[in-house]
Amino acid sequence: MRLSQYPIANLKEVPAEAEVISHQLMLRAGLIRRLSAGQYTWLPMGLRVLRKVETIVREEMDRAGALEILMPTTQPAELWMESGRWGQFGPELLRFKDRHQREYVYGPTHEEVVTDLARRELHSYRQLPVNFYQIQLKFRDEVRPRFGVMRAREFLMKDAYSFHLDEACLQRGYAAMYRAYTAIFTRMGLTFRAVQADTGSIGGTGSQEFHVLADSGEDAIAFSDGDDYAANVEKAEAMAPATPRGPATRPVTDIDTPRTKTIETLTALLACTAATVLKTLVVDGEDGQLVALCLRGDHELNAIKAQKLPGVANPLHLAAPERILEVIGCEPGFIGPVGLAARGVKVFADHSAAALADFVCGANRKDVHLSGVNWGRDLPEPIITDLRNVVDGDPSPTGTGQLRLVRGIEVGHIFQLGQKYSATMKATVLDDQGKDAVPFMGCYGIGVTRVVAAAIEQNHDERGIVWPEPIAPYQVVVVPLNAARSPRVSEVAEKLYAQLQAAGVEVLIDDRDARPGVKFADAELWGIPHRVVVAERGLEAGTLEYRHRRASDNEAMPLEGALAFLQERIGR
RNA sequence: CGGGGCGUGGCGCAGUCUGGUAGCGCAUCUGCUUUGGGAGCAGAGGGUCGUAGGUUCAAAUCCUAUCGCCCCGACCA
């Protein structure tokens with residue numbers, strides 16, 4: 001493409017709406033434009049990247065034996081009523097009516113539609129296993145769309161759904177998708193990690209997420225430095241401490257702690273570490289009761305784990321202060337587990353909280369804490385469970401190595417769904433005995449648009465985007481300098497451009513009447529991997545200047561054989 | 001949905017408190033000069049100040065309502 005004929009100008013200033021770096025760079029480099037909250041138009045330069053991501057996904061899905069289909073974006077509500085999700089989904093599901101007042105949804109996901117397809121088309125076990133996938137726009141009416149295309153309301157997703165006669169076959173299909181995803185993100189040139197994940201509301205038995213590693217990632221992931229264990233922190237298991245609880249050595253004592261409502265102020269006042277303090281959080285129970293969750297002062301509650309506990313409301317909700325005052329007789333800030341059982345409050349403690357002895361906790365009286373408290377002596381033993389987020393240095397649940405924490409952006413998720421949809425929607429096939437069998441399903445998603453933003457989060461510098469080569473919009477940019485004054489520069493640049501094009505290289509020529517600085521800045525903002533400068537200066541010596549986007553210096557390249565030089569660098 | 005903030009040429013902002021008929025930088029267009037890291041000079045075009053009411057001789061500015069957008073939180077395959 002000729003940049004002289006490209007109408008979208010790069011922005012020097014960052015639009016005020018953009019907070020994260022990928023969003024800023026995508027706007028500045030003219031990859032996307034916002035239409036409204038969470039909706040973006042993809043401009044030519046951005047769309048090329050999106051299509052490359054899509055192509056890699058498609059090729060690897062095809063290679064894995066999946067079959068591409070295309071389902072409608074809009075779906076009749078009946079299917080959602082049939083699966084039961086019409087009631088389960090909240091306002092995130094965009095609902096509307098057609099002219100006949102028939103209810104529809106804009107698909108946020110396609111389990112219902114694909115299951116409906118399966119029950120119409122699949123009748124025999126001989127047709128299984130099968131994996132249908134599509135690359136399709138989705139709409140989810142997110143409470144708060146943000147970060148540009150990273151968390152948009154409308155986005156492009158690759159969603160695949162597999163059908164299997166039995167669970168063993170599902171496992172094999174799932175494993176094949178794991179391999180396909182690994183191939184996909186590897187081919188894209190991204191640094192990523194597959195981690196065990198919580199299955200969330202989708203349910204099912206096994207689930208793994210694929211995260212692009214980036215410091216700005218929304219998710220924390222934990223992995224062992226001793227083996228290949230890796231899990232989302234939501235899911236990562238926190239082990240009981242290696243050293244058991246010590247003996248009780250001190251009596252319970254009141255401590256005056258006026259206005260000391262946080263662990264931070266408490267440890268400052270008492271000159272102790274947070275690891276010797278017990279923190280008590282009170283949440284709503286299932287039945288209107290309250291439930292107390294005890295953690296060591298230096299640990300953080302894991303909401304996913306907590307809301308799965310028997311008797312705890314799901315979703316997790318911190319109890320209202322008024323309700324706590326009513327039941328416990330004290331405002332939050334001075335809550336402790338002592339005496340709660342007598343008030344009908346169930347007490348759970350994290351493994352490490354349960355291992356404390358002679359600990360400090362709230363006294364359930366304003367401005368008072370207790371010290372020297374011991375489980376079993378001063379209050380009943382709690383229900384011991386895993387309640388906290390793992391922290392860096394925790395032992396790995398596998399027993400090998402320690403956990404390390406990094407941040408990631410979830411770009412893929414694979415699930416073993418089981419028979420949830422096939423059973424509810426009666427998608428059965430005949431097995432080899434001629435009996436009805438309910439297929440096992442898997443579902444596998446990749447956020448195609450999100451991959452683009454994640455790639456930028458992971459690969460950029462102060463000058464702009466640094467595309468991994470497999471997804472760069474163009475491979476090479478030819479930059480003639482001062483061509484207006486030098487017919488020779490223009491000739492050489494045009495010839496090279498034509499050669500590269502003929503050789504099938506994706507090439508840009510910056511034939512704009514612009515100063516060198518402008519051209520360099522734009523090429524770097526766009527993140528084009530290979531840059532060739534054509535200028536009088538080098539032509540005298542019969543050389544051009546080559547520079548890779550990641551390099552900091554120019555390299556001379558011969559004018560004769562320029563094509564071969566570049567092809568070698570591109571790696572073809 | 002709770003909390004906070006912002007809507008003024010395409011983009012970034014000032015002006016609002018204290019009412020007097022809109023300004024700066026970037027971008028765009030024209031001309032001349034310039035040409036290896038986002039050029040200089042001269043000139044030009046472009047805004048009913050988100051929208052709708054109200055107060056006033058007079059509203060970007062004050063009042064009311066409303067819409068949109070952003071951030072934090074809760075929420076989220």
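**View 1. Gly148, a buried residue in a loop.** In this predicted model, Gly148 is buried, with a relative accessible area of 2%. That value counts as buried because the cut-off is under 20%. To find Gly148 yourself, look in the loop between strand S7 (130-139) and strand S8 (154-164). Which residues does Gly148 touch, leaving aside its neighbours within four places in sequence? The contacts are with His23 and Tyr40. Look for Ala37 as well: Gly148 and Ala37 are 111 residues apart in sequence, while their C-alpha atoms are 8.9 Å apart in space.

**View 2. Helix H1 meets helix H12.** Here you can follow helix H1 (residues 21-28) and helix H12 (residues 448-458), whose axes come within 8 Å of each other. The two axes cross at roughly 105°, so H1 is roughly perpendicular to H12. On the H1 side, the contact is made by Ile21, Ser22, Leu25 and Met26. Their counterparts on H12 are Val452, Ala453, Ile456 and Glu457. What kinds of residue make up the contact of H1 with H12? They divide into 6 nonpolar, 1 polar and 1 charged.

**View 3. A sheet of 5 strands.** Try tracing this open sheet strand by strand: the order is S27-S26-S28-S29-S30, and the pairing is mixed. At the edges you will meet strand S27 (507-509) and strand S30 (555-558), each of which pairs on one side only. From one strand to the next, the twist averages 30°. As a reminder, strands of a sheet pair through backbone hydrogen bonds, either parallel or antiparallel.

**View 4. Strands S29 and S30 side by side.** Now zoom in on strand S29 (residues 543-548) and its pairing with S30. In which sense do S29 and S30 pair? The pairing is antiparallel and runs over 4 bridges. One residue to pick out is Tyr546, whose bridge partner in S30 is Glu555.

**View 5. Helix H16 across the strands.** Helix H16 (residues 562-570) lies across strand S26 (476-480), strand S28 (530-534), S29 and S30. Compare the directions of H16 and S30, and you will find the helix running at about 130° to the strand.

**View 6. The domains of chain A.** Let us finish with the way chain A is divided. Domain 1 is made of two stretches, 32-237 and 405-456. Domain 2 covers 253-385, and domain 3 covers 474-570. How far apart are the C-alpha centres of domain 2 and domain 3? They lie 66 Å apart.

Notes:
Residues are numbered from 1 along each chain as its sequence is written. Chains are lettered from A and ligands numbered from 1 in the order in which they are written. This is a predicted model: local features need pLDDT of at least 70, side-chain atom pairs count only at pLDDT 80 or more; totals for chains, interfaces and linings use all residues. Side-chain values use heavy atoms; hydrogens and water are left out. Helices (H or I, at least four residues) and strands (E, at least two) are DSSP runs, numbered from the N terminus. Buried means under 20% relative accessible area, exposed over 50%, partly exposed in between (1.4 Å probe, protein chains only). Contact means heavy atoms within 4.5 Å. Domain bounds come from an automatic or database domain assignment. Axes are lines fitted to C-alpha atoms, for helices over the stretch in contact, and angles run from 0 to 180 degrees between N-to-C directions. Angles under 35 degrees count as roughly parallel, over 145 as roughly antiparallel, 65 to 115 as roughly perpendicular and the rest as oblique. Ala, Val, Leu, Ile, Met, Phe, Trp, Tyr, Cys and Pro count as nonpolar, Asp, Glu, Lys and Arg as charged, and the others, Gly among them, as polar. Two strands pair if DSSP finds at least two bridges between them.
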